[in-house]
Amino acid sequence: MAERLVNHLVPSLQGGNPFFVPAFLYTYQRFATTQQVLELLFKRYANFRPYCEEDEQAKKTICVFLDTWMDKKPEEFSQTSALPIVKQMKNYLILNMPYSDLVVRVHMLLTHLEEQEATESEAKDEEASDLGSHTSQSLKSINQQ
């Protein structure tokens with residue numbers, strides 16, 4: 001089901017169907033994860049012919065869809081747990097659409113998520129360090145009694 005929906009994304013957008021994308025974004029999670037949808041989309045549109053107007057239109061349509069998805073469902077891309085998804089998206093865009101505005105947006109989001117992950121990791125390390133020193137101090141005081 002997810003594969004059929006993904007296969008209809010670009011043609012529906014190009015055909016001017018204003019209802020397909022909102023319906024897709026509302027229902028796809030019943031059939032697949034965000035990661036799975038991106039994998040299907042990127043597999044379906046893995047190869048583009050140079051200087052082919054049809055392929056250029058498909059690229060623009062994919063950018064519009066991804067941009068819309070990020071706008072309508074930011075929670076799916078704005079958590080550190082989404083790092084693999086955002087990295088995958090960036091890699092696809094750099095390979096296939098290196099001059100799109102979406103590459104810049106995804107790169108900025110990826111940078112933000114990596115910084116957020118580093119901050120979270122540092123906070124966990126500090127908590128573990130504080131817990132370890134507190135535990136060893138408690139053990140010392142118990143041993144001294």
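**Notebook: cysteines, core, rings and one loop residue**

I searched the whole structure for disulfides and found 0. A disulfide is a covalent bond between the sulfur atoms of two cysteines. The model I am reading is predicted.

**Cysteines**

I looked up two cysteines for burial. C52 has 15% relative accessibility and counts as buried, because the cut-off is under 20%. C63 is buried as well, with a relative accessible area of 13%. I met C63 again later, among the residues that L93 touches.

**Nonpolar core**

Which residues touch the most other members of the largest nonpolar core? I got F24, L66 and L93, out of 39 residues in that core. I then asked which helices supply it: α1 (2-14), α2 (20-27), α3 (34-44), α4, α5 and α6 (101-144) each give at least two residues. The largest share comes from α4, with 7 residues. In soluble globular proteins, nonpolar side chains tend to be buried together.

**L93**

I took L93 next, which lies in helix α5. Is L93 buried or exposed? It counts as buried, at 0% relative accessibility. Leaving out residues up to four places away in sequence, I listed its contacts as C63, L66, P98, L102, V103 and V106. L66 is thus a contact of L93, and both are among the residues that touch the most other core members. I also checked L93 against F42: they are 51 residues apart in sequence, and their C-alpha atoms are 9.6 Å apart in space.

**Helix α2**

I went through α2 for burial and noted F20, V21, F24, L25 and T27 as buried. What covers these buried residues? The cover includes α1, α3 and α4.

**Aromatic rings**

A search of the whole structure gave me 7 aromatic pairs. One of them is F24 with F65, edge-to-face, at 5.8 Å centre to centre and 70 degrees between the planes. F24 sits in helix α2 and F65 in helix α4, so this pair ties together parts that are 41 residues apart in sequence. Both F24 and F65 are buried.

F65 also pairs with W69. I logged that pair as tilted, with 5.4 Å between centres and 40 degrees between planes. F65 and W69 are separated by about one helical turn, because they are 4 residues apart in helix α4. An α-helix has 3.6 residues a turn, so residues three or four places apart point the same way. For burial I noted a relative accessible area of 2% for F65 and 0% for W69; F65 is buried, and W69 is too.

Which residues make up the aromatic cluster? I wrote down F20, F24, Y28, F65, W69 and F77 as one cluster. Two of these names, F20 and F24, are also on my list of buried residues in α2.

I noted one charge over a ring: the charged end of R44 sits over the ring of Y45, 4.6 Å from the ring centre.

**T80**

My last entry is T80. Where does T80 lie? I placed it in the loop between α4 (53-72) and α5 (83-96). T80 counts as buried, because its relative accessibility is 17% and the cut-off is under 20%. Setting aside neighbours within four places in sequence, I found T80 in contact with L113, Q116, E117 and E120. With E120 there is also a polar contact between the side chains, at 3.3 Å.

Definitions and conventions. Residues numbered from 1 in each chain as written. Predicted model: local features only at pLDDT ≥ 70, side-chain atom pairs only at ≥ 80, totals over all residues. Heavy atoms only, no water. Buried < 20%, exposed > 50% of the residue type's maximum accessible area, 1.4 Å probe, protein only. Polar contact = N/O pair within 3.5 Å; in protein donor to acceptor, adjacent residues only side chain to side chain. Contact = heavy atoms within 4.5 Å. Disulfide = S-S within 2.5 Å. Core = buried A, V, L, I, M, F, W, Y, C linked by side-chain atoms within 4.5 Å. Phe/Tyr/Trp six-rings, centres within 6.5 Å; stacked < 30°, edge-to-face > 60°. Lys NZ or Arg CZ within 6 Å of the ring centre and 35° of its normal.
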